[in-house]
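User: Please take a close look at a single part of this model and describe it in detail. I should like to know what surrounds that part, and then how it compares with other packing in the chain.

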Amino acid sequence: MAASLVFRLHDKGPQLVREVLLERGWEEYDEGEREEEDWNLYWRGTAFRNSEFQKLLPWQRLNHHPQTVGITRKDFLARNLRRMRVAFGSALYHFSPTAFILPSEYTRFLAEYSKLRLSRGPSVYWICKPVGLSRGRGIFLFENIKDLVYDCSVIIQRYISNPLLISGYKFDLRIYVCVQSFNPLTVYMHQEGLVRFGTEKYSLSSLRNLYAHLTNTSINKFGPFYKAHKERVGQGCKWTMSKFRHFLSGQDINELLLWQRINNIVTLTLLAIAPTVPSCPNCVELFGFDILIDVKFKPWLLEVNYSPALTLDCQADITVKKGLIGDLIDLMNYTSKDGLREDAYHNCKSKSHWFPANKFSRVPLPLLSKFKEPKFLKKTSGIKTSQAQALPLIKSRHQPESSYQRRFRQRSYVSDLQRHLPPVDFSNINAAKGRIRNATDTKNYPNKTLNLKPRTVSRTSVSVVNRQTRPALARWLSDNRSLHVSEVTNHDDAETEAELQLPGETDVSSLIPNVPQRGLGFRRTAASWKLQNMHSGSHRQVSSPLGEAKALNGQHIPPLRAGNFIRTFPFNGATLKASQHKLDVKLVMLELHKLTAELASSKSDKTKCGRGGKKVVDGEEDFDSLLWGPKVPPLLSDCLKST
Ligand code: ADP
């Protein structure tokens, strides 16, 4: 029988991920029992090191892309959005409050503060947030600059002082966004997000009352009114997005336009970093976008969270987050069993005299430790990629190849591999490092992306990458800077900076929400596959999450949806094309602008889009998308028809 899928959790968390995967029949990685590479998914709350991305084997996936800190750290986000505003105009990029990074931009802040004070009087408010903290820690509001006190790097943002209120309570939206790939950019947004309330009535006369001004659960759950029944809001401080949709349906607004503007915020924010994120096809990332809506129904981006909280504090959390993780796993598109990993594993095990059973007996591999690099290799650091790929791969005596990697290299798994997961493309890195294959391997690996031996890169070799087609990757490597655990990002699930990671998870209920498969569900077109049912001990037939890849004019079309994840990018043929090869940011913006203008010109009442009886099967000639947001997400083409 083929091996179950195996997940690996860093620092024992998050508990919710464990629970969902175990319920799906996965096994948890045990480092005492298993080889270091014997897993399919490695999940951690903090960033992976460069070497972890480089060592990835074809059956393995990580829950972070490299180098996304450009949007997940408050000061980097402010800087990147400012850059985009300058490059592409403030009409598109007017969705984040004006921000200054202090102390370096103190003079600029002072100038803006003085200008506004003169023109608008004292009714302008500011919010100060330490860049290295999360979960509302260290945040305060001020109106007068004399109240601004800070002793670390902070960002000062214009405070959105006219938020939309529900029965007098402030709220913001937590939107879950999965970037399935940065290259080509492929984005899904989850229909079921969270609405997070302040627990005291909003008033500008009490700027110090954090329960009225901040919507973080980590703050409000300690507030005196957390458990009280609050008018319309109810107990606690969270709603599901479904409940919010119900609230919206009673408002006199163009609902579709609101959802599309939120959708635009997500896409435009990702565009700020997408061209510079190194390609890593085996990575998937879940971001938490925090959106505030003002009284004019304009959505504002407050921040992007790197590791959105997966703790379960209340029923809304259980309903939303369990479904979210399930859908995320579907989006990762695993097959039910991993014969590929198992095959490599068993082949290694049968050579037990050089393949130790567990980490305690692990010793340097004799074959590798005896290996001597031939002299000609020393000249290869500056060779061009194409030459390097044609040459044989020579193992380094300093960095022994793992037994998995060796076995994998010794056999041709190409066809298996293509059926399972997209290969990790490190060919350029390897070329830059002067890593080369032996003749046998070249025969076994017609697919050039299957170079499983990335190594650390020298300065010389980086320039080789530079001359190739991947300047972003070259820059990343030349920084020689791994995104260590200490990287400061907006986590709301874990401590940040150099703080220790705390598990901090609460116990979870075993209740799994019934995720509706509505509309144009992906399951309809899916191929069958087997998933072991752990409860009955038997196998049951279930659908493959994402089915077969479809193509439009030779371009791969990502599925419309996976559970409640709706594909929001690419959203039409033009953006599909623009996202292939080199991302055409300008063209994407044009398309977004066109779509939004069309939705804006639709009736200002609650426009309802019918399906118009049109049958669209994902991957067929019509490349269509669903509009993220509405209760029953309509097809974009139908929305535009009805305007
Ligand atoms: P943290 O990472 O500490 O959670 P956020 O930027 O998310 O920091 O801010 C915490 C909360 O403060 C938000 O959830 C929101 O309620 C409020 N907030 C933050 N920035 C603004 C702003 N510019 N205008 C209005 N409210 C804000």
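Analyst: In helix 1, the buried residues are Leu-16, Val-17, Arg-18, Glu-19, Val-20 and Leu-21 (buried means under 20% relative accessible area, exposed over 50% and partly exposed in between, with a 1.4 Å probe and protein chains only; helices are DSSP runs of H or I with at least four residues, strands are runs of E with at least two, and both are numbered from the N terminus). The model is predicted, so local features need pLDDT of at least 70 and side-chain atom pairs count only at pLDDT 80 or more, while totals for chains, interfaces and linings use all residues. Residues are numbered from 1 along each chain as its sequence is written, and side-chain values use heavy atoms, with hydrogens and water left out.

The cover over these buried residues includes strand 1 (6-9), strand 2 (27-28), strand 3 (41-43) and helix 10. Helix 1 (residues 15-23) packs against helix 10 (residues 315-332) at an angle of about 60°, and the axes are 10 Å apart (axes are lines fitted to C-alpha atoms, for helices over the stretch in contact, and angles run from 0 to 180 degrees between N-to-C directions). The two helices are therefore oblique to each other (under 35 degrees counts as roughly parallel, over 145 as roughly antiparallel, 65 to 115 as roughly perpendicular and the rest as oblique). Their crossing is right-handed (the near helix is turned clockwise from the far one by less than a right angle; anticlockwise would be left-handed). On the side of helix 1, Leu-16, Val-17, Glu-19, Val-20, Leu-21 and Glu-23 make the contact, and helix 10 contributes Lys-321, Lys-322, Ile-325, Gly-326 and Ile-329 (contact means heavy atoms within 4.5 Å). After helix 1 comes Gly-25, with a positive phi near 95°.

A second helix pair offers a comparison. Helix 8 (residues 241-249) and helix 9 (residues 255-271) pack at about 140°, with axes 11 Å apart, and they are therefore oblique as well. Here Met-241, Phe-244, Arg-245, Leu-248 and Ser-249 of helix 8 meet Glu-255, Leu-258 and Trp-259 of helix 9. Across this contact, the charged end of Arg-245 sits over the ring of Trp-259, 5.5 Å from its centre (NZ of Lys or CZ of Arg must be within 6 Å of the ring centre and within 35 degrees of the ring normal). Phe-244 and Trp-259 also belong to a cluster linked by ring pairs, together with Phe-171, Phe-197, Trp-239, Phe-247 and Trp-628.

The structure holds 19 aromatic pairs (rings of Phe, Tyr and Trp, the last by its six-membered ring, with centres within 6.5 Å; planes under 30 degrees apart count as stacked, over 60 as edge-to-face and the rest as tilted). Among them, Phe-100 and Phe-109 have ring centres 5.6 Å apart and planes at 55°, so this pair is tilted. Phe-109 also forms a tilted pair with Tyr-113, at 5.9 Å between centres and 45° between planes. Phe-109 and Tyr-113 lie four residues apart in helix 5 (residues 106-120), separated by about one helical turn. Phe-109 is buried at 0% relative accessible area, and Tyr-113 counts as buried at 9%.

For the chain as a whole, there are 22 helices and 21 strands, and buried residues make up 59% of its 643 residues.
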